[in-house]
Amino acid sequence: MDGAGRLARSLRSLGPQADLKAAAIGAVVLLRERLGLRARVPARPVIDRAPPNRLVLLVERYLPNRAGVALTVLMLLGSTGLGIVKGGHVDEFTVALSDTRNALANSAGFRITEVAINGRKQLSQDEVLAIGGVNGRSSLLFLDATTLRDKLKANPWISDATILKLYPGRLQIDIVERTAFALWQQDGRLSVISEDGAVLEPYVSRRFVTLPLVVGKGADVKARDFLALLDRYPQVRIVTKAAILVGERRWNLRLKDGLDIRLPENDVGNALAVLSKLDKEERLFSRDIVAVDMRLPDRLTVQLSDDAAKAREELFKDKKTKKKAGDA
């Protein structure tokens, strides 16, 4: 008993009750876990944000899962393309892309290993390949025959071209070259032209020095017919230095000794025949004259040189003097 007359309970006597209570609580907790009745504490978001607007909700709900990735890629490609265009790098990008695909084709066995060019006379093989844009990086697989043909035909020396791709690595080019026909002078510029009047190149080479010379606006396209007519009269053609088209209507001839012959606009063949006959019979081209005017159909006018005119004048004076002395 304690001092108050109450029985003192031993602490040891409470041990079994406490154990039973703790066991009961543990059994209840274990039962809840088995049954999935554990109290769940709602997880708080790491970052608080405002609820999305209606458009964002619709996009998140109906847009396919990978569409966002595709749109992002498209935006990146669009931005890259815009940067290339704005920066003026389109040509560089095109060349790089072409070189890349050609390199892949070459590595696969489509490298151009043999080139045959037929029909060339004025142009070298390297010039033909350079005109067509064919180089050491080109592959036969990605070589566009139509584009190559168009590039070749754009050159004035080449009137036609045929392209054959013989796989895996042989390229054959057949070209038809224009022929240098005459020299054409206009506004002080001298060019080499073909029969159809195409300007082949500026006159810089001495190899064309023997070509006939035509002068004046329109002479390039009219030279073929006129020179063909002039060839029928070799007596005139051989002494002709230049044919000059006047007003795009009629021709003058400048002979090698400086004599000018003014031909009519019509019936040029007959005028050339008369010239040829006069030179054969009268040695017209060897006389001391500076011009022959044949523009009028019913007459031929000859202009003497200054010396010849003075001599003729002196001759007439002498004749008049002798005539007066005879009359006296």
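Colleague: In the hairpin of strand 5 and strand 6, which residue takes a positive phi?

Modeller: Gly197 does, with a phi near 90°, and the hairpin has 5 residues between its two strands. Please keep in mind that this is a predicted model.

Colleague: How many bridges join strand 5 to strand 6, and do the two run parallel or antiparallel?

Modeller: Strand 5 covers residues 189-193 and strand 6 covers residues 199-202; they run antiparallel and are joined by 3 bridges. To locate the pairing in the structure, one may start at Ile193, which has Val199 of strand 6 opposite it.

Colleague: In what order do the strands of the open sheet stand?

Modeller: The sheet has 9 strands in the order 6-5-4-7-8-9-10-11-12, and the pairing is mixed. The edges are taken by strand 6 and strand 12 (301-304); each has a single partner strand, so one side of each is left without a neighbour in the sheet. From one strand to the next, the twist averages 25°.

Colleague: Which way do strand 7 and strand 8 run, parallel or antiparallel?

Modeller: Strand 7 (residues 213-215) and strand 8 (residues 240-246) run parallel, with 3 bridges between them. Within this pairing, Val214 has Ala243 of strand 8 as its bridge partner.

Colleague: Which strands does helix 7 touch as it packs on the sheet?

Modeller: Helix 7, residues 219-230, touches strand 4 (182-186), strand 5, strand 7, strand 8 and strand 9 (250-255). The direction of helix 7 makes about 65° with that of strand 9.

Colleague: Outside the hairpin already described, what do strand 2 and strand 3 form?

Modeller: They form a hairpin with 3 residues between the strands. Strand 2 (residues 158-166) runs antiparallel to strand 3, and 8 bridges join the two. One position to inspect is Asp160, which stands opposite Val176 in strand 3.

Colleague: I should next like to read the charged pairs. How many salt bridges does a search of the whole structure find?

Modeller: The search finds 10 salt bridges. One of them joins the side chains of Asp196 and Arg178, at 3.3 Å from N to O. Asp196 lies in the loop between strand 5 and strand 6, and Arg178 in the loop between strand 3 (170-177) and strand 4, so the pair ties together parts that are 18 residues apart in sequence.

Colleague: Does Asp196 count as buried, exposed or partly exposed, and what is its relative accessibility?

Modeller: The class follows from the cut-offs: under 20% is buried, over 50% is exposed, and values in between are partly exposed. Asp196 has 44% relative accessibility, so it counts as partly exposed. Arg178, at 22%, is likewise partly exposed.

Colleague: Where in the chain do Glu248 and Lys217 lie?

Modeller: Their side chains meet in a salt bridge of 3.9 Å, N to O. This pair links distant parts of the chain: Glu248 is in the loop between strand 8 and strand 9, Lys217 is in the loop between strand 7 and helix 7, and they are 31 residues apart. Glu248 has a relative accessible area of 37% and is partly exposed, whereas Lys217, at 55%, counts as exposed. A further salt bridge brings together Arg237 and Asp231, at 2.1 Å from N to O. Arg237 is partly exposed at 23%, and Asp231 is partly exposed at 45%.

Colleague: How are two packed helices described?

Modeller: One gives the angle between their axes and the distance between those axes. Here, helix 5 (residues 125-132) and helix 6 (residues 145-153) have axes that come within 8 Å and cross at roughly 115°. The crossing is right-handed. Val128, Ile131 and Gly132 of helix 5 make the contact with Leu148, Lys151 and Leu152 of helix 6. By class, these comprise 4 nonpolar, 1 polar and 1 charged residues.

Colleague: Leaving aside its neighbours within four places in sequence, with which residues is Phe110 in contact?

Modeller: Phe110, which lies in helix 4 (residues 90-110), is in contact with Ala105, Ser139, Leu140, Leu141, Tyr167 and Pro168. Phe110 and Leu140 are 30 residues apart in sequence, and their C-alpha atoms are 5.6 Å apart in space. With a relative accessible area of 24%, Phe110 is partly exposed.

Colleague: How many helices and strands does the secondary structure of the protein come to?

Modeller: There are 10 helices and 12 strands. The protein has 328 residues, of which 27% count as buried.

Definitions and conventions: Residues numbered from 1 in each chain as written. Predicted model: local features only at pLDDT ≥ 70, side-chain atom pairs only at ≥ 80, totals over all residues. Heavy atoms only, no water. Pairing = 2+ DSSP bridges. Helix = DSSP H or I, 4+ residues; strand = E, 2+ residues; numbered from the N terminus. Axes fitted to C-alpha atoms, helices over the stretch in contact; angles between N-to-C directions. Contact = heavy atoms within 4.5 Å. Salt bridge = Lys/Arg side-chain N within 4 Å of Asp/Glu carboxyl O. Buried < 20%, exposed > 50% of the residue type's maximum accessible area, 1.4 Å probe, protein only. Left-handed = near helix turned anticlockwise from the far one by under 90°. Nonpolar A, V, L, I, M, F, W, Y, C, P; charged D, E, K, R; others polar.
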